[in-house]
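Take a look at the protein shown here. The report below walks through how some of its parts are put together.

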Amino acid sequence: MTTEKLYYKNAYQKEFTSKVLEVIELKGELKGKFGIILEKTCFYPEGGGQLGDKGKIDKISVLDTQFKDGEIIHITEKSLEIGKKVKGKIDWVRRYKFMQNHTAQHILSESFLKELGGETFSVHLGENSLTLDIGLSKLKWEDVFKVENMANKIISENRQIETHWVSKDELDKFPLRKKPKVNENIRIVEVGKFDYSACGGTHLNCSSELGIVKVIKWIKVKKGFRVDFICGERALSDYQWKNKMILEIAEFLAVKKKDLMDSVEKLFEENKIQRKQIEELQYKLLEDKFKREINQTRRIEGIPVVKLISNDGNFKIIRKIVTDLIEIEQCIILTANIANNKANLIFARSSKGNESQVEMNTLLKLFTSKKGGKGGGKPNFAQGGGNVEGLEDGFEIIFKKIEENLKKTGKK
Ligand SMILES: [Zn+2]
């Protein structure tokens with residue numbers, strides 16, 4: 001029961017009439033769905049890197065087309081009567097896009113090989129992304145431009161695309177890009193004396209239908225580069241929005257298009273310098289604040305114990321200030337910096353006198369056990385995160401604990 005493959009006679013046929021030969025109730029992931037086998041079909045089943053067609057058989061939607069156990073299976077939500085004469089119609093917009101993608105892939109693969117000696121070792125033609133894996137050790141835009149120029153020249157020359165069904169013995173007649181994986185029913189797709197490859201997919205009749213092919217980016221992969229490309233209308237719309245965006249950015253920055261990169265780099269550098277200046281100023285301001293607190297705060301056994309809850313400045317700077325201050329001043333600092341409704345806590349002390357008897361990591365654990373949060377550290381410096389609620393109250397508990405400790409050690 002082999003379905004006649006109308007797509008191999010004419011890839012441009014969109015509608016057909018046929019007879020239902022078999023209906024299978026599908027299992028596994030497709031449980032609840034039906035597999036329709038027809039006498040003949042235009043629906044291309046997924047294979048050779050090309051996705052399966054969608055469309056309609058009578059009024060029933062075909063969700064996908066797959067090749068299974070030698071049969072073309074039209075996957076549907078509803079069943080059909082065996083023997084019924086039906087009308088099939090493929091989603092032509094989608095299929096034509098796939099035909100363009102497949103043809104573009106052949107031309108681009110051959111261009112990479114001819115221009116750079118890069119072989120295509122893997123292809124992905126998805127619904128929204130097209131990639132080629134090319135075996136090259138390096139790749140620059142200048143190289144890619146050469147490849148694109150060659151591919152687009154072939155497109156503009158309106159080369160005819162033909163298919164040849166050959167036997168294994170006839171293969172030598174064709175300068176194939178790659179040896180085919182199958183031994184019989186070998187189908188060679190020829191792009192007008194430019195590229196010959198064994199492929200079971202659907203393709204355009206002539207190269208000019210592609211309009212344009214363009215590489216948009218690439219990434220390094222294990223054996224070479226994964227190159228993303230686009231073609232046809234998608235390439236045009238990609239060019240449209242990118243061109244518009246570049247012009248808008250250039251206008252916004254009041255520079256010429258060619259100076260855009262220099263201008264952005266300059267802005268970035270200026271921004272980096274300004275950010276550094278702001279951090280230095282923040283440091284100075286907060287350092288003064290902490291120093292004022294150390295001088296003005298109540299002393300216990302001669303040691304200033306600073307409590308400071310703030311919601312300004314950034315935590316990195318505060319940590320640096322506290323780290324610097326405990327080196328030069330004899331003090332104990334309890335600080336909470338509030339950001340995003342969380343309290344970033346630092347309990348720290350210098351190691352000069354009897355304040356060194358007070359363990360900050362123990363105190364932080366006491367604080368978080370009573371008020372929630374987590375953290376840890378060393379006896380002279382502990383850090384953690386806690387809730388904003390009950391912060392004052394919690395600090396008071398810790399303050400009293402420090403007072404007890406210092407009075408005890410001070411009396412020794
Ligand atoms: Zn192909």
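At what angle do helix α5 and helix α6 pack, and how far apart are their axes?

## Helices α5 and α6

This is a predicted model. Helix α5 covers residues 260-296, and helix α6 covers residues 315-328. They pack at an angle of about 50°, and their axes are 10 Å apart. That angle makes α5 oblique to α6. The two helices form a right-handed crossing.

Which residues touch? On α5 they are Glu279, Gln282, Tyr283, Leu286, Glu287 and Phe290. On α6 they are Ile317, Ile318, Lys320, Ile321 and Leu325. Sorted by character, the residues of this contact of α5 with α6 are 7 nonpolar, 1 polar and 3 charged.

## Helices α2 and α3

Now turn to another pair. Helix α2 spans residues 92-116, and helix α3 spans residues 141-156. Here the packing angle is about 125°, with 9 Å between the axes. So α2 is oblique to α3. The crossing of α2 past α3 is right-handed.

From α2, the contact uses Ile107, Leu108, Ser111, Phe112, Lys114, Glu115 and Leu116. From α3, it uses Asp143, Lys146, Val147, Met150, Ala151, Ile154 and Ile155. The residues in this contact of α2 with α3 comprise 9 nonpolar, 1 polar and 4 charged.

## An open sheet

Next come the strands. Strands of a sheet pair through backbone hydrogen bonds, either parallel or antiparallel. In this model, 4 strands form an open sheet with antiparallel pairing. Their order is β9-β10-β15-β14. Strands β9 (119-125) and β14 (213-221) stand at the edges. Each has a single partner strand, so one side of each has no neighbour in the sheet. On average, neighbouring strands of this sheet are turned by 25° against each other, direction ignored.

Look inside the sheet at β10 (residues 130-135) and β15 (residues 224-231). They pair in the antiparallel sense over 4 bridges. Which residue of β15 is the bridge partner of leucine 132? The partner is valine 227. A helix also packs on the sheet: α4, residues 232-253. Helix α4 touches β14 and β15, and its direction makes about 90° with that of β15.

## Domains

Finally, step back to the whole chain. The domain assignment gives domain 1 (4-90), domain 2 (96-248) and domain 3 (281-411). How far apart are the C-alpha centres of domain 2 and domain 3? These centres lie 65 Å apart.

Definitions and conventions:
Residues numbered from 1 in each chain as written. Predicted model: local features only at pLDDT ≥ 70, side-chain atom pairs only at ≥ 80, totals over all residues. Axes fitted to C-alpha atoms, helices over the stretch in contact; angles between N-to-C directions. Parallel < 35°, antiparallel > 145°, perpendicular 65-115°, else oblique. Left-handed = near helix turned anticlockwise from the far one by under 90°. Contact = placed C-beta atoms within 7 Å. Nonpolar A, V, L, I, M, F, W, Y, C, P; charged D, E, K, R; others polar. Domains from an automatic or database assignment. Pairing = 2+ DSSP bridges.
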